Structure formats: C-alpha cells, structure tokens
Amino acid sequence: MFEKRGRRGLIKVGAVTVALALMAAACGDDDDDGTSAEGGDGGGEAVKIALLLPETKTARYETQDRPLFEAKVEDLCPDCEILYSNADQDAAAQQSQAEAALTNGADVLVLDPVDSASAASIVSQAKAQDVPVIAYDRLITDAEIDYYISYDNEKVGELQATALTDRLADDSVDSGSLVMINGAPTDNNATLFKDGAHSVFDESDYEIGAEYDTPDWSPDRARDEMEQAITRLGDDGFVGVYAANDGTAGGAIAAMKSAGIDPLPPVTGQDAELAGIQRILAGEQYMTVYKAIKPQAETTAEVAIALARGEDPPEDLVNQQVDNGQLEVPSMIFDPVSVTTDNVADTVVADEYWTVDQICEGDFQSACEEAGIS
C-alpha cells in the first residue's frame, strides 16, 4: 500500500519497471474488495488532478502526453477528475490556468511550464495551499517542486549532435560549418539540449556558422532563422543543420527547399513526430530523438494520484536527484533513443507510437517499402 506522505527516503535505483509493477499492485490493494489496478482503482479516494501543458506547436502534447496521461488516470482512478489546460505558449495564460485549477480544488498540479523560471510563482501559490507539484517533462527552476519526471535532456542534445557528426563523417565530410537552430530560450530543456549538443560539436572539427534560439519553438521562426543562415553563409556554406526538435527541423527544411538546396544536408530533430518520421523515410530529415512518452505519462499519472491522496509514491521509482537551483528534486529520468531510417520499425512502430498505416499513407508508401516497414 502507498505510504503516507512525510517519509521521503530517496533511493537511487534503475529498476523502474519493477517499481511500476509494485505501484500497480499497491493501487489495487487500496480496495477493500481486492479489486486490481487492471480493472481500475474503484475503491480509492477520488481527487482532482490538474494537468497543465505548455503549447500545441509541438504535436506530442495533444497526440501523446495528454491522452496517455488521461487514460492511465481513468484506468487507476475512474472517479478522479482531471482539470486540463494548455497554455498555447503563453506564460501568463498558464499562470491563470494554474490559479483556476487551484481555485477549483486541484489536489495536485502536473505542470509542464511554458517558462521554466517564471513557473516558480505557480509553485509558490500551490505550496501556500499545500498542493504538491510535479514538474512534467521540463524542470521548474528555483522552486520547491515535489517531483520531476522527464528524460535525460542533455543526452538528447548529445544524441542529436553525435548522429549529425557521425553521418557527416560517413559521408567523408570531415569539417565545415553547421547551423544550430535551438529551442525556446524560456524552456530549460532547450538549454540542456543545446548544452548537450555543444559538448559534442565543440570537441569536433566542425564550426558553428550560425546559431539561433527559436522563440516558442515556432516552425515559422525556425524557417526565418534558416533563411537568415542561408543568406549569411550561402547555399553551400554549411554541411549540416542541428534542429532541436521536429517542428524546427520542418521549418529549416522548408527554407532550404525554397532556396533550391539539393541535396539537403543532414538535419536533426526530436520528438518522433509523425511528420518528422515521414521526412526521415523520405530522405529529407536525417534523424529524430524518440522519447517513449507512454511510460513517462503513465508514471506521472500514478505519482499524481498518490500525491493527490496525500500518499508517497514508491521510493523505488526515484532514480536521480536533480538540482533545480533550490533543492535536489527527487526525479524519474528516462533514456531517449536516436532514430534514423534504420530503426524506425524497431522503435516507434514496435512501440505502436505511430502505426504503419499512419506513417505510410499516401506519398510515403514507397518510402516505407524501401525501409521495410510497410
């Protein structure tokens, strides 16, 4: 059974899967009639859980995070209520949404911040009402958060940069300029991606010819930035493009195609968006980073239910302590995976993140056949 909050022994472990199994069993034990977690919580205390997501320009939030989180809550606690909001990249709107959730009796906030620094004020308001806060996907800095559930974000940048430099080496391109199109400067994750990428690039023989931070992760802004880079460096003045996610990759690729650049240089991405996977198979984008959002969203749902009921999640879920500038935050950190044409079938398809029918529709059928996933 979940332990009541108040004892936070924090243990570094790696057996997240085992811990999840123990947690599912614990949810079932809460029922006096012995109902298992597989059939829904049934007898547990109904609570209100606020899920506050940051934006819609990154497709994953509405297509993956929200439905996976909501489905897990429904499975474990059918009577629990989810108070959902998406801030559409507006920090002030997210502040208002959080205040509304607290006014409406939220027992826990699951907060993916628009602005990792300014979100500290949301945490302060929640703490004033004894409402726990989970930082979901993006770390909230300088704030008293209860848990952080995300991926190894510096590793994401390392994977992207390593994939790009390895591809260039395979193509016998041993030096040259790179264009870096980073994420939003208000997103702490974007800083970590950039740091991870620079840790690879700065030790290589490649130089950064142009670098941009992309407000709001906007594909349109990324396209503008890529157009500026082409103007500065010339059509053939760069050998690769580091794009921090699939949306910015799409903007950069659109700019290069509009400029008549052919063949396209290798371009990175992240989030394994459907459009990104399709561009990879079509040969327009070299790679993406796949973060299996299902375990992240489902773990968060289970932890949120426990915290909302005033209970401690199993200690074994915590596998890292992450310094957010105010405290060492008990964290659950998952590993990202680099995806190219060679392993689309073994990752996003095998995990049913996207189905073959979704990926291979229309003009992408032949590309799927070449990759052996049709």
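**Notebook: loops, cores and helix pairs**

I started at Thr-340, which sits in the loop between strand S14 (337–339) and helix H11 (345–349). I note at once that this is a predicted model. Is Thr-340 buried or exposed? Its relative accessible area is 14%, and buried means under 20%, so I entered Thr-340 as buried. I then listed its partners, passing over residues up to four places away in sequence: Thr-340 touches Ile-280, Tyr-286 and Met-287.

**Whole chain**

Next I took stock of the chain. I counted 13 helices and 14 strands in the protein chain. The chain has 374 residues, and 53% of them are buried. I also looked at sequence separation. Of the contacts with a separation of 6 or more, 73% are between residues 24 or more positions apart.

**Cores**

I looked up the largest nonpolar core and found 46 residues in it. Which residues have the most contacts inside this core? They are Ile-49, Phe-69, Ile-134, Ile-277, Val-348 and Ile-359. Helix H10 (residues 293–308) gives the most to this core, with eight residues. I noted another core lying apart from it, of 25 residues, including Ala-50, Leu-102, Ile-145 and Val-329.

I picked Ile-134 for a closer look. I left aside its neighbours within four places in sequence. Among its contacts are Val-108, Leu-109, Val-110 and Leu-111. Ile-134 also contacts Tyr-147 and Ile-149. Further along the chain, it meets Thr-300, Val-303, Ala-304 and Leu-307.

**Asp-107**

I moved to Asp-107, in the loop between helix H3 (91–103) and strand S4 (108–111). Its relative accessibility is 30%, so I recorded Asp-107 as partly exposed. I checked one long-range pair. Asp-107 and Ala-304 are 197 residues apart along the chain, yet their C-alpha atoms are separated by 8.9 Å. With neighbours within four places in sequence left out, the contacts of Asp-107 are Val-47, Lys-48, Val-131, Pro-132 and Ala-308.

**Helix pairs**

I looked at H3 again, this time against helix H4 (residues 120–128). Their axes come within 10 Å and cross at roughly 10°. Angles under 35 degrees count as roughly parallel, so I wrote H3 down as roughly parallel to H4. From H3, the contact uses Gln-94, Gln-95, Ala-98, Glu-99 and Leu-102. From H4, it uses Ser-121, Ile-122, Gln-125 and Ala-126. I sorted the residues of this contact into four nonpolar, four polar and one charged.

The second pair was helix H7 (residues 219–233) with helix H8 (residues 246–258). Their axes come within 7 Å and cross at roughly 45°. I therefore put H7 down as oblique to H8. H7 passes H8 in a right-handed crossing. On the H7 side I found Pro-219, Ala-222, Arg-223, Met-226, Glu-227 and Ile-230. On the H8 side I found Gly-247, Thr-248, Gly-251, Ala-252, Ala-254, Ala-255, Met-256 and Ser-258. The residues of the contact of H7 with H8 divide into eight nonpolar, four polar and two charged.

**Trp-217**

Then I went to the loop between strand S8 (206–213) and H7, where Trp-217 is found. Trp-217 has 4% relative accessibility, so I marked it as buried. Which residues does Trp-217 contact, leaving aside its neighbours within four places in sequence? I listed Glu-55, Thr-58, Arg-138, Gly-183, Ala-184, Asp-187, Ala-190, Phe-193, Ala-244, Asn-245 and Thr-248. Thr-248 turns up here and in the contact of H7 with H8. I also took the C-alpha distance from Trp-217 to Ala-244: 8.8 Å, with their places 27 residues apart in sequence.

**Backbone checks**

Last, I went through the backbone. A cis peptide bond joins Asp-262 and Pro-263, with omega about 5°. Pro-263 lies in the loop between H8 and helix H9 (274–282). Ala-272 lies in the loop between H8 and H9. Ala-272 is not a glycine, yet its phi is positive, about 50°. Its relative accessible area is 0%, so I entered Ala-272 as buried.

Asp-130 also has a positive phi, near 60°, and is a residue other than glycine. Where is Asp-130 found? I placed Asp-130 in the loop between H4 and strand S5 (133–136). Its relative accessible area is 69%, and exposed means over 50%, so Asp-130 went down as exposed.

Key: Residues are numbered from 1 along each chain as its sequence is written. This is a predicted model: local features need pLDDT of at least 70, side-chain atom pairs count only at pLDDT 80 or more; totals for chains, interfaces and linings use all residues. Side-chain values use heavy atoms; hydrogens and water are left out. A nonpolar core is a set of buried Ala, Val, Leu, Ile, Met, Phe, Trp, Tyr and Cys residues joined through side-chain atoms within 4.5 Å. Buried means under 20% relative accessible area, exposed over 50%, partly exposed in between (1.4 Å probe, protein chains only). Helices (H or I, at least four residues) and strands (E, at least two) are DSSP runs, numbered from the N terminus. Contact means heavy atoms within 4.5 Å. Axes are lines fitted to C-alpha atoms, for helices over the stretch in contact, and angles run from 0 to 180 degrees between N-to-C directions. Angles under 35 degrees count as roughly parallel, over 145 as roughly antiparallel, 65 to 115 as roughly perpendicular and the rest as oblique. A crossing is left-handed if the near helix is turned anticlockwise from the far one by less than a right angle, and right-handed if clockwise. Ala, Val, Leu, Ile, Met, Phe, Trp, Tyr, Cys and Pro count as nonpolar, Asp, Glu, Lys and Arg as charged, and the others, Gly among them, as polar.
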